[in-house]
Amino acid sequence: MTNVLDRIKAYKLEEVAARKAQRPLAEVEAAAKSASPVRDFEGALRRKVSEGRYALIAEVKKASPSKGLIRADFEPADLAAQYERGGATCLSVLTDAPSFQGHEDYLVAARSAVSLPVLRKDFMYDPWQVAEARALGADCILIIMASVSESQATELEDAARAWGMSALIEVHDGQELDRALMLQSGLIGINNRNLKTFETSLDVTRDLGARVGGERLLVSESGMATREDLAKLSGYGARTFLIGESLMRKEDVEAATRNLLSDPVPA
Ligand SMILES: O=P(O)(O)OC[C@@H](O)[C@@H](O)c1c[nH]c2ccccc12
């Protein structure tokens with residue numbers, strides 16, 4: 001039985017093999033070494049939360065496999081600047097083309113328009129991709145536990161650390177969370193969307209949130225649209241949110257971002 005995530009993994013492994021054949025690791029590493037210095041992604045989130053505020057990772061997202069085209073007038077640099085002015089703490093930029101209509105250039109354009117740290121949102125399997133992400137300027141990578149083995153996850157996390165980058169470890173169920181907690185990264189993303197079925201429910205954060213523990217920073221991901229959603233998730237221990245679609249659908253992204261973050265964190 002193949003699901004969406006399996007299909008993405010199959011084409012991504014081919015894509016990476018083709019890219020590696022074009023550009024040997026040594027070359028990508030040289031580019032990564034001369035890239036713009038790393039911005040502290042995890043540190044920025046922790047600082048915001050320690051100030052008693054919500055920390056938003058705002059996603060630059062043109063389309064998705066579940067929703068199709070989300071935003072037609074898509075200007076990554078302008079959207080990034082609007083997110084920053086609206087109060088986002090970090091950005092996430094999709095670089096996967098086949099499923100999300102993303103592009104590496106979008107990450108480069110978005111990051112150079114702001115001073116925020118940026119997550120490369122893609123499907124990672126190989127340390128070569130981590131070096132490539134750093135060469136593009138990325139400050140954080142995503143590791144999706146549903147799609148990698150223990151040893152792959154460790155290898156990716158080690159590569160991120162070696163480049164001085166943060167790693168967001170994404171989980172969707174208790175087993176994936178168990179595996180994530182054996183890794184070292186301080187950032188655990190609970191994806192409210194099941195990447196195999198697209199079913200989305202904030203109950204996923206409710207059910208898993210308490211198990212993340214105080215040392216690690218819990219990031220609730222996907223399916224949020226309102227200030228009430230953030231308040232509800234805050235009740236499940238989340239202070240950090242990864243949000244794309246609902247903000248991308250707003251005409252005035254800056255105002256929508258500011259409005260979403262305007263309530264104080266409930267005591
Ligand atoms: O657009 P939403 O529902 O606000 O979700 C954003 C983000 O969480 C989602 O894009 C995402 C979470 N994990 C991923 C993994 C791959 C691609 C995309 C994702």
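Is Gln 101 buried, exposed or partly exposed, and how many other C-beta atoms lie within 10 Å? In this predicted model, Gln 101 is partly exposed, with 18 other C-beta atoms within 10 Å, a count that falls short of the 20 needed for a residue to be called buried. Gln 101 sits in the loop between helix H5 (97–100) and helix H6 (104–112), and its phi is near 50 degrees, a positive value in a residue other than glycine.

**Positive phi in and around the loops**

A positive phi is also found at Phe 198, where the angle is near 70 degrees in a residue other than glycine. Phe 198 belongs to the loop between strand E8 (187–191) and helix H10 (203–208), and with 14 C-beta neighbours inside 10 Å it counts as partly exposed. Gly 137, which comes just after H7, takes a positive phi of about 110 degrees.

**Helix H6 and helix H7**

On the far side of the loop that holds Gln 101 lies H6, in which Tyr 106, Leu 107, Val 108, Ala 110 and Arg 111 are buried. The cover over these buried residues of H6 includes E1, H4, strand E4 (90–94), E5 and H7.

H7 itself has nine of its 10 residues buried, so it is largely enclosed by the rest of the structure. The buried residues of H7 are Pro 127, Gln 129, Val 130, Ala 131, Glu 132, Ala 133, Arg 134, Ala 135 and Leu 136, a list in which the charged residues Glu 132 and Arg 134 appear. Among the elements that cover the buried residues of H7 are helix H1 (4–22), H2, H6, E5, strand E6 (140–144) and helix H8 (150–162).

**Two helix pairs**

Two packed helices are described by the angle between their axes and the distance between the axes. The table sets out these values for two pairs in the model.

| Helix pair | Axes come within | Crossing angle | Handedness |
|---|---|---|---|
| H2 (25–33) and H7 (127–136) | 7 Å | roughly 35 degrees | left-handed |
| H4 (76–86) and H13 (253–260) | 8 Å | roughly 30 degrees | right-handed |

Where H2 passes H7, the residues Leu 25, Val 28, Glu 29, Ala 31 and Ala 32 of H2 meet Trp 128, Ala 131, Glu 132, Arg 134 and Ala 135 of H7. Sorted by character, the residues of this contact comprise seven nonpolar, no polar and three charged.

For the other pair, the axes cross at roughly 30 degrees, and H4 and H13 are therefore roughly parallel to each other. Leu 79, Gln 82, Tyr 83, Arg 85 and Gly 86 of H4 make this contact with Val 253, Glu 254, Thr 257 and Arg 258 of H13. The residues in the contact of H4 with H13 divide into three nonpolar, three polar and three charged.

**The buried face of H13**

Within H13, the buried residues are Val 253, Thr 257 and Leu 260. Viewed down the axis of H13, these buried residues fall within an arc of 65 degrees, so they line one face of the helix. An α-helix has 3.6 residues a turn, so residues three or four places apart point the same way. The buried residues of H13 pack against strand E1 (55–60), H4, helix H11 (227–234) and helix H12 (245–248).

**Lys 121 and Asp 122**

Lys 121 lies in strand E5 (residues 118–121), whereas Asp 122 is found in the loop between E5 and H7. Lys 121 is buried, with 26 other C-beta atoms within 10 Å, and Asp 122, with 26 C-beta neighbours inside 10 Å, likewise counts as buried.

Leaving aside neighbours within four places in sequence, Lys 121 is in contact with Glu 59, Ser 92, Val 93, Leu 94, Thr 95 and Leu 142. On the same terms, the contacts of Asp 122 are Thr 95, Asp 96 and Leu 142, and Thr 95 and Leu 142 thus appear in both lists.

As for distances from C-alpha to C-alpha, Lys 121 and Cys 140 are 19 residues apart in sequence and 8.8 Å apart in space, while Asp 122 and Gly 174 are 52 residues apart in sequence and 23 Å apart in space.

Methods: Residues are numbered from 1 along each chain as its sequence is written. This is a predicted model: local features need pLDDT of at least 70, side-chain atom pairs count only at pLDDT 80 or more; totals for chains, interfaces and linings use all residues. Axes are lines fitted to C-alpha atoms, for helices over the stretch in contact, and angles run from 0 to 180 degrees between N-to-C directions. Helices (H or I, at least four residues) and strands (E, at least two) are DSSP runs, numbered from the N terminus. Angles under 35 degrees count as roughly parallel, over 145 as roughly antiparallel, 65 to 115 as roughly perpendicular and the rest as oblique. A crossing is left-handed if the near helix is turned anticlockwise from the far one by less than a right angle, and right-handed if clockwise. Two residues are in contact if their C-beta atoms, placed from the backbone, lie within 7 Å. A residue is buried if 20 or more other C-beta atoms lie within 10 Å of its own, exposed if 12 or fewer, and partly exposed in between; C-beta atoms are placed from the backbone. The arc is that of the directions from the helix axis to the C-beta atoms.
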